[in-house]
Structures are given as structure tokens and as C-alpha cells.
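Student: I would like to learn how to read a model feature by feature. Where do we begin?
Tutor: With the whole chain, then single residues.

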Amino acid sequence: MSTTQQPAMEPLNGYQEMPQDQMRDRALAHYEQLRRRRTVRDYDSRPVPREVIEHCLLAAGTAPSGANQQPWHFAVISDPAIKSRIRAEAEEEERAFYSGRAPEEWLRALAPLGTDASKPFLEEAPLLICIFAQKYGIDAQGERFSHYYVPESVGIATGFLISALHDAGLATLTHTPSPMGFLNKLCGRPDNEKPVILLVVGYPKPGCQVPVHGGIKKPLEVISSWL
């Protein structure tokens, strides 16, 4: 007969309830802050303080995950030579995508954003953060063990990271070349990790413009329902 060990527990010390008027003000302020976020494709080359990125990564690391396994790794890339190789590899995949691999419907959906196979931001931005999803874990004895809800967990952590970077005054772009297997070798990551997003990070270039289409968001009544 097996017994289930009770987990260690501790007081919920971090929670802070607020008066309803303060809740409304803070919720509105948070929305107003995030609605100013735009995907940026033109970057200034100015460096970003490392401690800013580290604090944003720590914020991402607070995200909930399946069984609290935290199945992510963030590889931060500033080396110009590595960024140049990433751009070359990514643009090769992108040329294949735009010249025939992508369905016509997909290309029509992308047309209002003005994207194409050229990705200069992969070199111009001061930082690239390659986000890896750990398909499974490896314990201290080298044995594999399962991870749960990996795409959902990594997606939530990525959202936390984008929000933190925006709140710190930085611009981002989520780039997803496919396949991205070349990033494991470039970043020195093991086989149990799959690169899922290249997050471009930096300051917008002076005079930067963004497509109007990218700022059009669905209204509340379309994205939500109350039952």
C-alpha cells in the first residue's frame, strides 16, 4: 500500500489585496501601458544594460508552468558574428518560405504588415533572445523524465518576458523562422531543447515606423464572453 507524501507548504505572503478603485486604476494603467507596445523591425544599435535584461528574464522565470518544471531556457545573444550567422540562416529559410513554401492565404495575411525575406533586424538589434522549450528533462543521473504542458508553459513565460521588456522601455519582435534547428548548435543547447522563438530586443531606431495594421486589435466584445 503506497502513501502520498504531503507537499511542504508556506504562507501566501506575496499576495496584496487592494481597494476596488485602486484595482480599477491599476488594471487600466496596465492596459494603457501594454496597448502602447508595438512590434518593431527597425532597431538602433545602442547596447542595452545587461542588468535590465537579467531582471526581465527573472520576471519571465516567475511564470506558471506544468508541474512547476519551468521547461524553458533563454539564450541571450549579443555577439555580432553569431547574430550575422543567425541572420544568414534565417533568411535562407525565409526565402524558401516566401518563394513557394508558404500558402497563398498565409502570404495574403502577412501582406498588410509588409514582411519579406529580408531580416536586417537580426543583426542591427543589440540583442537576440533565443527561447528554447525543453521537450523533456534530464535528472542528476542523466535519466530522462517527462515535462508537461511545455508549449503552454513556454508561451506564458514568453508573454511575461515581452511585457517586462516593454515595461522597461525596450522594443521587441517575435521572429519564428522554421525550421530553427540550427540555433541549437549556435547557442550550444542540448538535443532535449527546441528553439521556438527568436525575440529581437533593443531600442527603436530614430524615425522608426510601424505598420498601421499591427496596431489594430480586436475589441473586448470579440475577444471575450461572460457566462
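**Reading the chain**

Tutor: Start with contact range. Among contacts in this chain between residues at least 6 apart in sequence, 80% join residues at least 24 apart. Keep in mind that the model is predicted.

Student: How many helices and strands does the chain have?

Tutor: Eight helices and six strands. Read the order from the N terminus: α-α-β-α-α-α-β-β-β-α-β-α-β-α.

Student: What box do the C-alpha atoms fill?

Tutor: Roughly 60 × 55 × 40 Å, along the principal axes. Then look at burial: of the 227 residues, 34% count as buried.

Student: What does the chain expose, and which atoms supply 54% of that area?

Tutor: The exposed area is about 15100 Å², with carbon and sulfur atoms supplying that 54%.

Student: How many positive and negative side chains are there?

Tutor: There are 24 positive and 27 negative ones. Also compare where the two sets are centred: their centres lie 4 Å apart.

Student: Now a single residue. Is L165 buried or exposed?

Tutor: Apply the cut-off: buried means under 20% relative accessible area. L165 has 0%, so it is buried. It sits in helix α6, residues 150–167.

Student: Which residues does L165 touch beyond its sequence neighbours?

Tutor: Set aside those within four places in sequence. L165 then contacts I53, C56, L170, T172, L199 and V201. Now place some of these partners: T172 falls within strand β5, residues 171–175, while L199 and V201 fall within β6, residues 193–202.

Student: How do β5 and β6 run, and how many bridges join them?

Tutor: They run antiparallel, joined by five bridges. One bridge to follow is that of A171, whose partner in β6 is G202.

Student: How many residues of β5 are buried?

Tutor: Think of the general pattern. In a regular strand the side chains alternate between the two faces of the sheet. Then check the case: four of the five residues of β5 are buried, leaving the strand mostly covered.

Student: Next, a loop. Where does D44 lie?

Tutor: Between α1 (20–35) and α2 (50–60). A loop residue still needs its burial checked. D44 has a relative accessible area of 16%, so it counts as buried.

Student: What lies 2.9 Å from a polar side-chain atom of D44?

Tutor: The backbone nitrogen of R46. Look further along the chain too. Beyond four places in sequence, D44 touches E124, A125, P126, Y203, P204, K205 and P206.

Student: Which side chain makes a polar contact with that of T115?

Tutor: That of Y98, at 2.7 Å. T115 belongs to the loop between α4 (104–110) and α5 (121–124). T115 is buried because its relative accessible area is 17%. Leaving out residues within four places, its contacts are R41, Y98 and L110.

Student: Last, the backbone. What is the phi of N68?

Tutor: Near 55°, a positive value in a residue other than glycine. Q70 is not a glycine either, and its phi is positive at about 50°. N68 lies in the loop between α2 and β1 (72–77), and Q70 is found in the loop between α2 and β1 as well.

Student: How do N68 and Q70 rate for exposure?

Tutor: N68 is exposed, with a relative accessible area of 54%. Q70 is partly exposed, at 35%.

Definitions and conventions:
Residues numbered from 1 in each chain as written. Predicted model: local features only at pLDDT ≥ 70, side-chain atom pairs only at ≥ 80, totals over all residues. Heavy atoms only, no water. Helix = DSSP H or I, 4+ residues; strand = E, 2+ residues; numbered from the N terminus. Buried < 20%, exposed > 50% of the residue type's maximum accessible area, 1.4 Å probe, protein only. Contact = heavy atoms within 4.5 Å. Areas by Shrake-Rupley, 256 points an atom, 1.4 Å probe, with all protein chains shown as cover. Lys, Arg positive; Asp, Glu negative; His and termini not counted. Charge placed at Lys NZ, Arg CZ, Asp CG, Glu CD. Pairing = 2+ DSSP bridges. Polar contact = N/O pair within 3.5 Å; in protein donor to acceptor, adjacent residues only side chain to side chain.
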